Structures are given as C-alpha cells and as structure tokens.
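Good morning, colleagues. Please turn to the sequence and the structure on the screen, and I shall take you through one part of them.

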Amino acid sequence: MKYSFLIVLATFMSCESIVFEKDLANTYVNNFDVFWNDFDQHYSFFEQKQIDWDAVYNEYKSQVERINSDTEFYDLLEEIILSLEDGHSNLYALGKVAAFDYTTGFPENNPQFAEDYIDNIKIPNASLTYGDIKNSDLGYLRINTFSGNRSNYEAIEAILPWMENKGALIIDVRDNGGGSDLNAAQINSRFASSNEVYRKVKYRRGSAHSDFTDWIESSVNPAEKTFTKPIALLTNRSCYSATEGFIASLKVFDHVSTVGGTTGGGTGNPIFRELPNGWNFRLSNWVVDYTAFGIVEEIGMTPDFVV
C-alpha cells in the first residue's frame, strides 16, 4: 500500500488510546513504552515470524534511557521496525519513513510501457491505461494503483466493449503498491468466471500474541459483463497489499496465468498509531491465508511463468 492511501486508515485508530498516549509525559522512555506496547497488543506476526518481543524490550529499553536526541530515538525505532521485515510496519517522523524494502535481493522486473509495442493508447484516468498490442489481437491493460476514487475503477465498464474484440488480454500490475480492496473488486469482478473464495483473513484481537478473530473468507464474484478469454497477469516484487489480493483473486481461474516475478508478500492490513511526541507509526494487524495456493502472506506468490 502507498502511504498516501493508507493515512486515511488512521481514522480507525482508537481515540481513547490516542488521548491516553498524549497525556503521558513526552519522554523517550514513555514514547518507547507506548511504541512497544502497541505492537505487543496489536501486531499480527509475532508467532508466524517467531519474534521474541519481550527480548526486544529488554535489549532496547536500556539504550532508550541513554538517548539524548530525536535523531537517536528515530534511529533506534527504525532499527526495531526493520528487524520485523514487514513492509506494513513503518515509522513516520522527522520527515522520513522507516520502511523495510521487500525488493532487496530480488531481480528487477519493471514495467516497460513502450509505444513501440502498443497502439491506440488511452488513459481514462491516473489509475488505468490501455491499448492494442501491435500486429495482434491482444489487448494491454495497465493498472497503476488501487488507491484513489472508486470512479477511477468503475471506468472499467467503459473499457469492456474494447476488450470484447480481443482474443486475449495482458493485465500489467507490476509496481502497483496497492490501495483499497474495494477498488480492486471493481476490476477483478470483470474477469471472474464463477464465485470463488480466494483467501481467508483473521485479525489480531486480545492481549496474547495468539489471540485472533475467526477466519473471514474473501470471495470474487462475476460482474454482469465479464472478459473470460485468456489473460496474462504481469507481476513483480513491488506488488503488495491490495494488489496481492487482486492477483490472488484472479489466480483461482483457469483462464488467468501469472507471468513475471514473485510478488512482495506484504499484506498486513495495517492500523495507525500515534506516540506522545506526535510521531505516527503503523503496524500489521491481520494474517492472510491464500488457501487456494497453499501459502501464507509475507512470502509472496511465485508466478506460473517466471520471466
């Protein structure tokens, strides 16, 4: 997910928690305790990643007591954030963002939107681009993001008549960092051939690291008008969050093949929190099971054809 989209999720934070935290004295020790405790109560991957969170507290608390500047404190929290190897757990402070890079060590597979290959390029909005692959009956649809206004994705309705004349379609979601599942659902329903469950999610609830809600299923359902001819779905390591859910929702269909690189694996559905000093951070709050593929999130989905 892009930060510009995710910041709106801050409205779901507990108001009671925010007021309590701001009433605390603004010391590095108090800020650290709030940071550690919010993760302890809400973070979803302690068990999956075998993280000893008490050991983290014991290791860093004594260091916090010796800190003399905001820069030192930021560096300490950043070190903890990066150790989680979780792209949905971030710190926003001092004009910087502490973020784990999922792409490190993976081959690049970047979008090359070349006019040498595509004719009749149309850009109905900032989210969608489409055109004709030259000298073929193939169509190309690029989805840049799943953030933004729902109307951007409802535009797929007007694109469907163009698709109907194509023998097959290339859908390119490389470098799409995510956004809203609701926006993604406007698109995936147009390529569904039946009602299918493609994932289960459970939210962290309760004080124990093993406390979660029951599993909640997510389904993809065909729209009134659909395109179910062969589809090649282009992916890379920079596909995260709602984009990864979109990919999973299409992988359940036989007419869709994924091509390119392994996805990012970041699907933590984060919640935002605030420290007494006004700094913001977020942390992953759910666990996803892509049952159809026998994998759990934070690993990534290997494409059918690796390129």
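Trp36 and Trp53 are both buried in this model, which is a predicted one. How are the rings of Trp36 and Trp53 arranged as an aromatic pair? They are stacked, at 6.2 Å centre to centre and with 10° between the planes. Trp36 belongs to helix α3, residues 28–42, while Trp53 belongs to helix α4, so this pair ties together parts that are 17 residues apart in sequence.

Trp53 has another partner to consider, Phe39. Phe39 and Trp53 form a tilted aromatic pair, with 5.5 Å centre to centre and 45° between the planes. Here again helix α3 supplies one residue, Phe39, and helix α4 the other, Trp53, so the pair ties together parts 14 residues apart in sequence. Phe39 is buried, as is Trp53.

I now widen the view. In total, the structure holds 20 aromatic pairs. Ring pairs link a cluster that includes Trp36, Phe39 and Trp53, together with Phe32, Phe35, Tyr43, Phe45, Phe46, Tyr57 and Phe281.

Let me turn to helix α4 itself, residues 53–64, and to helix α5, residues 70–83. Their axes come within 11 Å and cross at roughly 165°. The two helices are therefore roughly antiparallel to each other, and their crossing is right-handed. Which residues make the contact? From α4 they are Trp53, Val56, Tyr60, Gln63 and Val64; from α5 they are Phe73, Leu76, Glu79 and Ile80. By character, the residues of this contact comprise 7 nonpolar, 1 polar and 1 charged.

Trp53 thus appears both in the aromatic cluster and in the contact of α4 with α5. Thank you for your attention.

Note on methods: Residues are numbered from 1 along each chain as its sequence is written. This is a predicted model: local features need pLDDT of at least 70, side-chain atom pairs count only at pLDDT 80 or more; totals for chains, interfaces and linings use all residues. Side-chain values use heavy atoms; hydrogens and water are left out. Axes are lines fitted to C-alpha atoms, for helices over the stretch in contact, and angles run from 0 to 180 degrees between N-to-C directions. Helices (H or I, at least four residues) and strands (E, at least two) are DSSP runs, numbered from the N terminus. Angles under 35 degrees count as roughly parallel, over 145 as roughly antiparallel, 65 to 115 as roughly perpendicular and the rest as oblique. A crossing is left-handed if the near helix is turned anticlockwise from the far one by less than a right angle, and right-handed if clockwise. Contact means heavy atoms within 4.5 Å. Ala, Val, Leu, Ile, Met, Phe, Trp, Tyr, Cys and Pro count as nonpolar, Asp, Glu, Lys and Arg as charged, and the others, Gly among them, as polar. Rings of Phe, Tyr and Trp (its six-membered ring) pair if their centres lie within 6.5 Å; planes under 30 degrees apart count as stacked, over 60 as edge-to-face and the rest as tilted. Buried means under 20% relative accessible area, exposed over 50%, partly exposed in between (1.4 Å probe, protein chains only).
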